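Please open the model in your viewer and keep the selection panel at hand. The stops below take you from one selection to the next.

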Amino acid sequence: MNNFFLIRYGPEIVQRSGEHLLLVIVAIAVATVVGIPLGVLITRNSKLRQPVLAIANILQTIPSLALFGLLIPVPIIGGIGATPAIVALTLYSFLPIIRNTYTGISGIDPAIREAGRGLGMTDWQLLRQVEIPLALSVILAGVRVATVIAIGIATIAAAIGAGGLGVFIFRGIAVVNDQLILAGAVPAAAIALIADYGIGWLERRFRVSK
């Protein structure tokens, strides 16, 4: 039984893994493009910090299956398939990315900022040339956490017809078949471990190079 499911479902595992990765990659890309600027924004505007983090926290606490279900009737971004799944995964990914961006930038020694300003750097130059490079390892830690979370939650996306490795899990539960469940769970866990190691390696590299 140990490796039988890999042989029996091998081609479909590859297909479903591709679908799974596509959902996660698109969602993390969108969450990063939106989340990092939001994290930067709340370092500049303290009045926005609590509302932005509160909303991100609330999104994180909504049960995943409930969020997928709530998105079904929403026009444009809802329905059945990959689009609502990507939206849901993006919403779940905001908190660690926004919070770590804020933490990384706000944790920089104020003396470094003052030195930059003393050299005549604008706020944009200070952000791009000093703050982001120094905070990058912390920001990547947020992306790392968001990615691992998204890989796990993406298995639920099969419930709304988005495909992915969750197809095996739901099918296995329906027919009480352990091998089907393993065919979805084992590759998902392997993808999460690989992603965690890869982004963790980048995180450590940038931390050392500060």
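**A tour of the cores**

Begin by selecting Phe 168, which, leaving aside residues up to four places away in sequence, touches Tyr 9, Glu 12, Ile 13, Arg 16, Leu 180, Ile 181, Ala 183 and Gly 184. Bear in mind while looking that this is a predicted model, with a mean pLDDT of 91 for the chain and 97% of its residues at 70 or more.

Next, widen the selection to the largest nonpolar core, which has 43 residues, and in which Phe 168 is one of those that touch the most other members, together with Tyr 9, Leu 23, Phe 68, Ala 85 and Leu 89. Colouring by helix will show that helix 2, helix 3, helix 4, helix 5, helix 7 and helix 9 each supply at least two residues of this core, and that helix 5 contributes the largest share, 11 residues. A second, separate core of five residues can then be picked out, with Val 40, Ile 105, Leu 127 and Ala 135 among them.

Now go to Ile 36, which is found in helix 2, the element where confidence is highest, at a mean of 96, whereas helix 1 (residues 4-8) has the lowest, at 75. Not counting residues up to four places away in sequence, the contacts of Ile 36 are Ala 31, Ile 97, Thr 101 and Ile 139. If you draw a C-alpha to C-alpha distance from Ile 36 to Ile 58, the two are 18 Å apart in space and 22 residues apart in sequence.

Finally, select Arg 204 together with Tyr 197: Arg 204 lies over the face of the Tyr 197 ring, at 6.0 Å from its centre.

Terms used:
Residues are numbered from 1 along each chain as its sequence is written. This is a predicted model: local features need pLDDT of at least 70, side-chain atom pairs count only at pLDDT 80 or more; totals for chains, interfaces and linings use all residues. Side-chain values use heavy atoms; hydrogens and water are left out. pLDDT is the predictor's confidence in each residue, from 0 to 100. Helices (H or I, at least four residues) and strands (E, at least two) are DSSP runs, numbered from the N terminus. A nonpolar core is a set of buried Ala, Val, Leu, Ile, Met, Phe, Trp, Tyr and Cys residues joined through side-chain atoms within 4.5 Å. Buried means under 20% relative accessible area, exposed over 50%, partly exposed in between (1.4 Å probe, protein chains only). Contact means heavy atoms within 4.5 Å. A charge sits over a ring if NZ of Lys or CZ of Arg is within 6 Å of the ring centre and within 35 degrees of the ring normal.
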